[in-house]
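Reader: I am new to this structure. Please show it to me, then take my questions one by one.

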Amino acid sequence: MAKLYFKYGAMGSSKSAQALITKFNYEEKGMSVWLIKPSVDTRDGADVIRSRIGLEAHAQIITPEEDIIQAYRAAGRHDVIITDEAQFFTPAQIDQLRALVDEEDLPVLCFGLRTDFLTHFFPGSARLMELADSLTEIKTVCSCGRKATVNARIDANGRVVTEGGQILLGGNDSYVAMCHRCWMKKIREQEGQYEVEGY
């Protein structure tokens, strides 16, 4: 029975690599994969999914206005849908992916971030948390050794950014995965506040 999967993690947790490895595993078994990504993610090229370890593949881009059900039917029959950067899909598009699972008995594997640099849900991720049959955290670590859960946005001087738009494309030069404790400590240090006991 097909399911909607959401595999989420902080920056640098190998989400893209796992998406591409999953694609390879399906194709190795002779199955057809429809690999897609939101058009807003242009960091590695409009239609390229690339991991930090060098894996890459071309994907069909989906614009925010596009109906994913219609795009799937136009692309032809596939055995599975895999998407990277799923947090950038609209809630309506997540509903469409859910419909493909239900109506086409088609597994849909979504890889992406759960929250933004201020620890708020992306709209697409929030809808996935509500609708997915399977939720899996892809773990990574903070520099202190604790589990990283925050996608800290940093500026050119290495300072943690605490305001701005939700979407700013970037890699290791723009984001650092941190645990919540280290993130809060860094913000307090920047603000010149005394360190609170426990932080």
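**Contacts, core and charges**

Author: Setting aside neighbours within four places in sequence, Y26 is in contact (heavy atoms within 4.5 Å) with M31, V33, V80, I82, P107 and L109. This is a predicted model, where local features need pLDDT of at least 70, side-chain atom pairs count only at pLDDT 80 or more, and totals for chains, interfaces and linings use all residues. Residues are numbered from 1 along each chain as its sequence is written, and side-chain values use heavy atoms, with hydrogens and water left out.

Reader: Is Y26 buried, partly exposed or exposed, and what is its relative accessible area?

Author: Three classes apply: buried is under 20% relative accessible area, exposed is over 50%, and partly exposed lies in between (1.4 Å probe, protein chains only). Accessible areas come from the Shrake-Rupley method with a 1.4 Å probe, and for residues only the protein chains shown count as cover. Y26 is partly exposed, with a relative accessible area of 22%.

Reader: Which element holds Y26, and how far is its C-alpha atom from that of D79?

Author: Helices (H or I, at least four residues) and strands (E, at least two) are DSSP runs, numbered from the N terminus. Y26 is found in helix α1. Y26 and D79 are 53 residues apart along the chain, and their C-alpha atoms are separated by 8.7 Å.

Reader: What does S16 touch, leaving aside its neighbours within four places in sequence?

Author: S16 also has its place in helix α1. S16 is buried, at a relative accessible area of 12%. Its contacts beyond those neighbours are I49, R50, S51, D84 and E85.

Reader: Which elements give two or more residues to the largest nonpolar core, and which one gives the most?

Author: A nonpolar core is a set of buried Ala, Val, Leu, Ile, Met, Phe, Trp, Tyr and Cys residues joined through side-chain atoms within 4.5 Å. The largest one has 25 residues, and L4, W34, I81, F89, L97 and C110 have the most contacts inside it. Two or more residues come from each of β1 (4-8), β2 (33-38), α2, α3, β7 (108-112) and α4 (123-131). With 5 residues, the element that gives the most is α3.

Reader: What is the relative accessible area of C110?

Author: C110 is among the core residues with the most contacts. Not counting residues up to four places away in sequence, C110 touches L4, Y5, F6, K7, T83, A86, L97 and L128. C110 is buried, and its relative accessible area is 0%.

Reader: Why do C179 and C182 form no disulfide?

Author: A disulfide is a covalent bond between the sulfur atoms of two cysteines. Here it is taken as a pair of cysteine sulfur atoms within 2.5 Å. A search of the whole structure finds 0 disulfides. The closest cysteine sulfur to that of C179 is in C182, and it is too far for a bond, at 3.6 Å.

Reader: How many residues apart are E27 and K23, the two ends of a salt bridge?

Author: A salt bridge is a side-chain nitrogen of Lys or Arg within 4 Å of a carboxyl oxygen of Asp or Glu. By this rule the count comes to 8. E27 is partly exposed at 35%, K23 is buried at 15%, and their side chains meet at 3.0 Å, N to O. Both lie in helix α1 (residues 15-28), about one helical turn from each other, because they are 4 residues apart.

Reader: Which residues do salt bridges that share partners join into one network?

Author: The side chains of E104 and R73 meet in a salt bridge (3.2 Å, N to O). This pair links distant parts of the chain, with E104 in helix α3 (residues 91-104) and R73 in helix α2 (residues 68-75), 31 residues apart. R77 and E104 also meet in a salt bridge (3.5 Å, N to O). Shared partners make one network of R73, R77 and E104.

Reader: Is the protein as compact as a globular protein of its length, or less so, and what is its radius of gyration?

Author: The secondary structure comes to 5 helices and 10 strands. The globule rule (2.2 Å times the number of residues to the power 0.38, with the radius taken over C-alpha atoms) gives 16 Å for 199 residues. The protein comes close to that, so it is as compact as a globular protein of that length, with a radius of gyration of 18 Å.

Reader: What share of the 199 residues is buried?

Author: The C-alpha atoms fill a box of roughly 60 × 30 × 30 Å, taken along the principal axes. The accessible surface comes to about 10000 Å², and 49% of it belongs to carbon and sulfur atoms. Of the 199 residues, the buried share is 46%.
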